[in-house]
Amino acid sequence: MKILIATDGSKYSKAAVEECCRMILNPERDDVQVVSVYENAYPITAEPFAMSQEYYEKLDETVRKIAAGYVEEVQKTISEKFPKAKLTTEILHGAPDQQIIERAKEWNADLIVVGSHGRGFWGRLLGSVSDGVVHHAPCSVLVVRKEM
């Protein structure tokens, strides 16, 4: 089975990883890909204050590093539980639900695992990401809830 785990570092994503490890993952049989998606950390529209291109590049680099940290954390969690797991990682850029769906299609995933809610880089709840994935995914989706 090919399992795509999407993480944003939230407690909901962590619960999704734990649940995947507990009830689904079979390291001898399954391929796992862990992804994290980051969006532009600045508005696309014109701003009242001019910022340098270097500032935006540094901001993007920082947000990408945050996403990479989330992926590394999940990779470590899974590797500790299943040292022989077939595990790959990827950092994606764009709208989270769209990028998760596209990656699942490209990779021919059998299952997508996501948390019921998440957080964007500015702390907003992203229950809409799991909703978008559920409604447009090319495969089954496991949405894991965590007590708030």
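Start at helix α2, residues 53–81, where the buried residues pack against β1, α1, β2 and β3. Packing here means contact, with heavy atoms within 4.5 Å. Buried stands for under 20% relative accessible area, exposed for over 50%, and partly exposed for anything in between (1.4 Å probe, protein chains only).

The model is predicted: local features need pLDDT of at least 70 and side-chain atom pairs pLDDT 80 or more, while totals for chains, interfaces and linings use all residues. Residues are numbered from 1 along each chain as its sequence is written, and side-chain values use heavy atoms, leaving out hydrogens and water.

**Whole chain**

Colour the chain by secondary structure. It has four helices and five strands, arranged from the N terminus as β-α-β-α-β-α-β-α-β. Helices (H or I, at least four residues) and strands (E, at least two) are DSSP runs, numbered from the N terminus. Of the 148 residues, 45% are buried. Where contacts join residues at least 6 apart in sequence, 79% of them are between residues at least 24 apart.

**Helix α2**

Go back to α2 and show its side chains. Which of its residues are buried? They are Tyr56, Leu59, Asp60, Val63, Ala67, Ala68, Tyr70, Val71, Val74 and Ile78. The helix has 29 residues, and its first and last C-alpha atoms lie 43 Å apart, close to the expected 42 Å. The expected span is 1.5 Å times one less than the number of residues. Also in view should be Lys58, Glu61 and Lys65, which are linked in a network of salt bridges. A salt bridge puts a side-chain nitrogen of Lys or Arg within 4 Å of a carboxyl oxygen of Asp or Glu.

**Strands β1, β2 and β3**

Select residues 31–38, strand β2, in which seven of the eight residues are buried. On one side, β2 pairs in the parallel sense with β1 (residues 2–6) through five bridges; pairing requires at least two DSSP bridges between the strands. Ile3 is the residue to find opposite Val32 of β2. Follow the chain from β1 through helix α1 (residues 11–23) into β2, a β-α-β crossover that is right-handed. Right-handed means that, with the strands pointing away from the viewer, the path from the first strand over the helix to the second runs clockwise.

Now add strand β3, residues 86–93, which runs parallel to β2 and is joined to it by eight bridges. Ser36 has Ile91 of β3 opposite it.

Stop at Ala6, a residue of strand β1. Is Ala6 buried or exposed? Its relative accessible area is 8%, so Ala6 is buried. Leaving aside residues up to four places away in sequence, Ala6 touches Ser13, Val35, Ile100, Val113 and Val114. Draw the distance to Val35: the two C-alpha atoms are separated by 4.9 Å, although the residues are 29 apart along the chain.

**Salt bridges**

How many salt bridges does the structure hold? It holds 10. Three pairs are worth selecting in turn.

- Select Lys81 and Glu18, whose closest N and O atoms are 3.0 Å apart in a salt bridge. Lys81 belongs to helix α2 and Glu18 to helix α1, so the pair ties together parts that are 63 residues apart in sequence. Lys81 is partly exposed at 42% relative accessibility, and Glu18 is partly exposed at 37%.
- Select Glu19 and Arg22, which form a salt bridge with closest N and O atoms 2.7 Å apart. Both lie in helix α1, three residues apart, about one turn of the helix. Arg22 is exposed, with a relative accessible area of 62%.
- Select Lys86 and Asp31, which meet in a salt bridge at 3.9 Å, N to O. This pair links distant parts of the chain, with Lys86 in strand β3 and Asp31 in strand β2, 55 residues apart. Lys86 is partly exposed at 38%, as is Asp31 at 29%.

**Helix α3**

Finish on residues 96–107, helix α3, with 12 residues. The span expected for α3 is 16 Å, and its end C-alpha atoms are 16 Å apart, which agrees. Its buried residues are Pro96, Ile100, Ile101, Arg103, Ala104 and Trp107. Turn the view to look down the axis: these residues fall within an arc of 165°, so they line one face of the helix. The arc is taken over the directions from the helix axis to the C-beta atoms. On the face turned away from the buried side are the exposed residues Gln98 and Glu106. After α3 comes Asn108, which has a positive phi near 60°.
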